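Please open the structure in your viewer and keep the sequence beside it, since each stop on this tour begins with a selection to make.

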Amino acid sequence: MAQNHSLVPPEPPVFSELSIVVVPSNKWVPAVARFGRDASGRFIEFKSSADSTESFDIKTYIHHSQLFRMGPTLSMWVANDNSSTYGAESICRAITIQFPTEAAVFSFGLTVQEWNTDTSVAGAGEKLANGSSDPSWRLNKFDKKIEASSAKMYFHYYGQLLHQQNMLQDYVRTGSYYAAVIENRIDFHGRIVVDVGAGSGILSLFAAQAGAKHVYAVEASEMVDYARRLVAGNPSLGQHITVIKGKIEEVELPEKADILISEPMGTLLLNERMLETYVIARDRFLSPTGKMFPTIGRIHMAPFSDEYLYVEIANKALFWQQQNYYGVDLTPLHGSAFQCYFSQPVVDAFDPRLLVAPPISHTIDFTKVKEEELYEIDIPLNFTASVGTRVHGLACWFDVLFNGSAVQRWLTTAPGAPTTHWYQLRCVLSQPIYVMAGQVITGRLHMVAHSAQSYTMNLTMSAKMWGAGADQGGILQTSSTKLDLKEPYYRMSQPQVYAWSQDQSAQQLVQQQGSVNKRMQQ
């Protein structure tokens, strides 16, 4: 059971065996550093040690100070406001700290980080020196672009063991990661690894199994407590792992990474916007020659025909066609309800025979993409229908590549492949379009990130003129819809058995993608 920090406050950390110099003095004096809090906020108090020939007491408030690494065992603490009994008071004071070991430097930095960001350490709502009730003025990149309510729900969700179990029991996911790491021991052995959004710490343990010199497992949710217990419970591996609580956007690490490993994929690859955090980790911590596991991601798209699904969604709005619901006519809202149901992407597993054209793909290279390029993604659509049918929308799935030095391994969520907890996603048009075999289907999938950690999706699909004179013709039919990736319809049924009268095999429409995979592995 997790400890209740609100009932049992943690003992304030104390760092001893320090030597400090308070600028502009050049005299080293023995000292201890004690963390604590009072009515003005959280502080670090530097006091003379028992064997010091001088007496001093310097209190500095963490939210008004910064820590700088100056050398292997040397740091500088710059305080912008303090009150002390050591010399004259000043608005800004720099304290040079000599630590006994490099590990002590790192531990001190982590403690500063936790006391500056973790409300469980020192309580929430405390009054600060500048009169504010919350030190949120110092926002990191994540907090600036994500709504606080969304972030709170997100970290609460991933802080629960039952949701971690759901992901661990996705054996396609977990097995693919394990194989990618173990098959590429050459990339991990003796290397520094950063696990971005470590969750339960399972990927960190995989990296340790592959011989990593050290793994820094960074996790922002309360799952960090469970990760520490899991790591401690596997001591032969855990001795190579340091679990760090905090966001990638704000933590500091003592060294660059040779490998980044993460599971940043959400529904349709992009949901939850963790890919941006993965890219930020690359820019902050990865060495120039380092590797990323996974390395690239691809979103695959194809038009589909599914009369059963279309009728199922349309029938949901029938409730609003009642003209005498307890004496109330509901029909004025029927049109809005109809469109509302079609604004939800459908998450489920479907039969690949429902695809009516070979898929196309959009590639995101995690080693090169800029964070800002993930804010808005525009994908042109162009397909050639393989059959004559009604097109009900766009089917999407994704895969990622672990580009190891020894083995290149793909993790796929494609229809027809073993089902994962991501399933597939379908955008359903409220007005289907009719196509004939050989007819060109064009359109656009435009995705714009929003502050609730997801994307607004704008889909347009059109059927062009076909047959003789098509070059002189234009668009015959167009249908558009707007969807919120944050609010899908989790249908998540297993693929239904559909009667199939067309002369094609189950994999005919996705075999082209398999050949692309093989070419990329060569």
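Begin by selecting strands E17, E21, E22 and E23, which in this predicted model make up an open sheet of four strands, arranged in that order and paired in the antiparallel sense. Look next at the two outer strands, E17 (376-384) and E23 (475-484): each has a single partner strand, so one side of each is left without a neighbour in the sheet. If you turn the view to look across the strands, you can follow how neighbours in this sheet are turned against each other by 15° on average, with direction ignored.

Stay with the sheet and narrow the selection to E17 and E21 (residues 440-450), which run antiparallel and are joined by nine bridges. Two of the facing positions can be picked out here: Glu376 has Val448 in E21 as its bridge partner, and Ile379 is partnered by Leu445 of E21. Strands of a sheet pair through backbone hydrogen bonds, either parallel or antiparallel.

Now keep E21 and add E22 (residues 454-464), where 10 bridges join the two antiparallel strands. Within this pair, select Thr442 and you will find Ser462 of E22 as its bridge partner. E21 and E22 form a hairpin with three residues between them, and in the turn Gln453 has a positive phi of about 65°.

For the next stop, go back towards the beginning of the sequence and select strand E1 (residues 14-22) together with strand E2 (residues 29-38), which pair in the antiparallel sense over five bridges. Here Ile20 stands opposite Val29 of E2. Extend the selection to strand E3 (residues 41-48), which runs antiparallel to E2 and is joined to E2 by eight bridges. Along this second pairing, Val32 stands opposite Lys47 of E3, and the link between the two strands is a hairpin with two residues between them. As you show the side chains, bear in mind that in a regular strand they alternate between the two faces of the sheet.

Which residues should you select to find the centre of the second largest pocket? Tyr154, Tyr157, Tyr158, Met167 and Glu272 lie nearest its centre, and they belong to a lining of 48 residues. The elements that give two or more residues to this lining are helix H4 (148-158), helix H5 (161-168), strand E9 (192-196), helix H8 (202-209), strand E10 (214-219) and helix H11 (274-285). H4 provides the largest share, with six residues. The space in this second largest pocket comes to about 1,100 Å³, and if you colour its lining by class, you will count 24 nonpolar, 14 polar and 10 charged residues.

From the pocket, move on to H8 alone and switch on its surface: is this helix mostly covered or mostly open? H8 is mostly covered, with seven of its eight residues buried, namely Ile202, Leu203, Ser204, Leu205, Phe206, Ala207 and Ala208. Follow the backbone just past H8 to Gly211, which takes a positive phi of about 95°.

Finally, clear the selection and bring the whole chain into view, with its 14 helices and 24 strands. Of its 522 residues, 50% count as buried. Should you display contacts between residues at least 6 apart in sequence, 71% of them join residues that are at least 24 apart.

Terms used. Residues are numbered from 1 along each chain as its sequence is written. This is a predicted model: local features need pLDDT of at least 70, side-chain atom pairs count only at pLDDT 80 or more; totals for chains, interfaces and linings use all residues. Side-chain values use heavy atoms; hydrogens and water are left out. Two strands pair if DSSP finds at least two bridges between them. On a 1 Å grid over the protein atoms alone, a cavity is a set of points where a 1.4 Å probe fits but cannot get out, and a pocket is an open set with protein on both sides within 12 Å along at least five of seven lines; lining residues have an atom within 4 Å of a point. Grid points are joined across faces, edges and corners, and a volume is the space filled by probe spheres set on the points. Ala, Val, Leu, Ile, Met, Phe, Trp, Tyr, Cys and Pro count as nonpolar, Asp, Glu, Lys and Arg as charged, and the others, Gly among them, as polar. Axes are lines fitted to C-alpha atoms, for helices over the stretch in contact, and angles run from 0 to 180 degrees between N-to-C directions. Buried means under 20% relative accessible area, exposed over 50%, partly exposed in between (1.4 Å probe, protein chains only). Contact means heavy atoms within 4.5 Å.
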